[in-house]
Amino acid sequence: MNPVVILLPAFLISLVALAVFIWSMHRGVFGHDAAGARVIFTEHEVGHSEEPAAPSASRAALQNLVNANIGHHEPLDDDELLQRAHADRSSATVTFVFLSCAIGWLILGSFAGLTASIKLHYPDWLAGYEWLTFGRIRTIHLNAVAYGWTSMAGFGLAMWMLPRLLKTPLQGRRFALLGAVLWNAGLIAGIGSLAAGMSSGLEWLEIPWQVGLLLVAGGALIGIPLLRTLARRTVDHLYVSVWYVSAALFWFPILYLVANIPGVHFGVEQATMNWWYGHNVLGYFFTPLAQASIYYFLPKVIGRPIQSYGLSLLGFWTQAFFYGQVGGHHLIGGPVPTWLVTLSIVQSVMMIVPVVAFATNYAATLKGYWRTLLYSPTLRFIALGSIMYVLVSLQGTFEALRSVNTITHFTHFTVAHAHLGMYAFVTITFFGGIYFVMPRVVEREWPYPRLIAAHFWLVVIGMLVYIVALSIGGWLQGLAMLDAARPFMDSVKVTIPWLEARSVGGAMMTAGHLVFAAHFLAMVSALGPQRTRPARFRIGTEVNHA
Amino acid sequence: MRNEIRLFGGALAMIAAATAVLVVVPYFQLRDVKPPAGLHPYTSAQLRGRQEYIRQGCIYCHSQQPRDRAQAPDAERGWGRASVAADYFYDSPHLLGTMRTGPDLFNIGARQPSLDWHLGHLYQPRAFVPGSIMPSFPYLFEVKPKAEPGDRVVTLPPSFAPAQGVVVARPAALDLVSYLVSLDHTYPLAPSDTGP
């Protein structure tokens, strides 16, 4: 039985099915293009910029830019704003808990990553501590930033967006809080296990499955507020961010559970499963959570619905289909069935479809609004994160091509690529989202706007140094390894200056995170200049006099 | 409600398709793979050593999957022929790896069978490979005033040996080395072994 005979028709049929599916959505959704995209605005809100992270002078400048593009707009309706203030209040506690934990994990994960990075060029540094050995601290870094920082920042922003997207207070908050407790408990136990050397040995799945069940239970509990808020929604139409958030919260427990079933996976099949998980936790969890944020915050800040709502849904479904099957490209040249690797390469190339859909939409929406980046901290992060999504996806497509992969596979180039995705795209986007939501959550402005700028430039320059240096180092490493005339040690030596540069970049990113965490602490503990008035509208009784 | 059903139904279909091609089909295709005649199950010491390999995170810098000659010069580097699924019959969890910060180890036992070399190299890689960036693992060893009966003394170049006493391998180091030298997949493959 030749698997290609079965898989080729299956592939073609699934492509046709995908086309039909998207066409059927088109009939229901693409028709009222403008209406779908306007769901996140109140009746008179288009043309009003919302940017709680900016100081008032910048907000005025921002609004002027928006006015220049839109022309006239009507005054805001107090009742609707009051309703939204209630929606924001309903999610405040849950969002606050998730974001606080996320930032704690970010700091821990940053130091773990920096330690691992330094150890690659000072291998005898702290060598006497078993829990700090490269193999463990690197793994602690990955798990702390992926399941601690990124996951919980994503959950926090999702919980905050839901009541606004569905125009109803957040329901089932206790479940989300219990989920946060279980998730943190699982992560503390999991990171502790890794430090003690108890690891499953599978990348991205190192946390022992007995502990990992806490993440599954926590993730499932966090899904309950989503379902209950959906049931109480007062909007007719589900905005594209709801699709991304819902799918991410639905997919994660399934992925993690299937990957952790004990006693089922074996040998090489376990390797294909490993990269089915490893790539889908990116494509089915972190990426959609970040995209949900982009599709919400970007239009809100510029007071303008996204250009093409149809394109955003096309992007959603093609990404859901193609991204799910690209994992095999981690095993190119490996002892796995050839058809599987070929299929994953094909789907990696097909990823160009959702990426181009996203990029087109993004550029068209921001057309005429680029100067808003000067005044909006939120948008600076989110716009940069969006560009990085496009870059990392296109880079991923090329890296999956056999000729490129032969050089980059097994090298630091892959590590740079991973950071372009998880950091430059996802993390930067979440920073922007957090700057937007926190003034609403604590009803207080960010006390030191300059710290936002310091954070931005530290992490942006840091990540550029990190990614550029490591990409060059990894590429040279790959070329050295492919040249049989050169000894293997050449491929090590050639990377050293680039690994050192990576530590410099990583140190800048860590410094940026410390600035961010300190600013966050100052804000929540009401230190610093008191700008009590939350941006643009007041909450509660005051609103009637506004 | 209709929107929710379409959304969750569609999301389920997408993840089902991904799981089918990357997990379920490989499961059935590889289920009946048999071990090659030349491959032996791990001994219990080797299995303990394999666990130590995971505990120390060796996998993050070492792959165990030589590529085909047509793609890369892995064989010329002495890493062995391209591996096949059958070679991993006894491997649980899989340790294929994704990085080659250090060399591929699929045939390290054939390339470097010396226990002495491995013990010394784990104690201080730079004593044996100048310029190496591998971590040293001093905590897998003990420095004693003098060796006792049954102790495995590690031989080191004088400049890397402690000023006083001897370096003795702890059981974890001995297990790890017995696993490393067991990594020898140079046996010939029968046509039936190269299957899928």
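**Helix α4(B), salt bridges and the A–B interface**

Biologist: At the start of α4(B), which residue has the backbone nitrogen that a side-chain oxygen of B:S114 reaches?

Modeller: This is a predicted model, in which local features need pLDDT of at least 70, side-chain atom pairs count only at pLDDT 80 or more, and totals for chains, interfaces and linings use all residues. Residues are numbered from 1 along each chain as its sequence is written, chains are lettered from A and ligands numbered from 1 in the order in which they are written, and side-chain values use heavy atoms, without hydrogens and water. At the start of α4(B) (helices, H or I of at least four residues, and strands, E of at least two, are DSSP runs numbered from the N terminus), the side-chain oxygen of B:S114 comes to within 3.3 Å of the backbone nitrogen of B:D116.

Biologist: Which elements of chain B do the buried residues of α4(B) pack against?

Modeller: Helix α4 of chain B covers residues 115-123, and B:H118, B:L119, B:G120, B:H121, B:L122 and B:Y123 are buried there (under 20% relative accessible area, 1.4 Å probe, protein chains only; exposed is over 50%, partly exposed in between). The partners of these buried residues, in contact through heavy atoms within 4.5 Å, are α3 (108-111), β1 (141-144), β2 (166-169) and α5 (171-182) of chain B.

Biologist: How many residues apart in sequence are the parts that A:E45 and A:R84 tie together?

Modeller: The side chains of A:E45 and A:R84 form a salt bridge at 2.7 Å, N to O (a side-chain nitrogen of Lys or Arg within 4 Å of a carboxyl oxygen of Asp or Glu). A:E45 belongs to the loop between α2 (33-38) and α3 (56-70) of chain A, whereas A:R84 belongs to helix α4 (residues 78-119) of chain A, so the parts tied together are separated in sequence by 39 residues.

Biologist: Is A:E45 buried or exposed?

Modeller: The relative accessibility of A:E45 is 0%, and that of A:R84 is 7%, so A:R84 counts as buried. At its value, A:E45 likewise counts as buried.

Biologist: Across the interface of chain A and chain B, how many salt bridges does the rule find?

Modeller: In the interface, 98 residues of chain A are in contact with 71 residues of chain B. A:R233 and B:E4 meet through their side chains in a salt bridge (2.7 Å, N to O), and both residues are buried. Across this interface, the number of salt bridges found by the rule is three.

Biologist: Which element gives the largest share of the side of chain A that touches chain B?

Modeller: Twelve residues make up that largest share. They come from α9(A).

Conventions. Polar contact = N/O pair within 3.5 Å; in protein donor to acceptor, adjacent residues only side chain to side chain.
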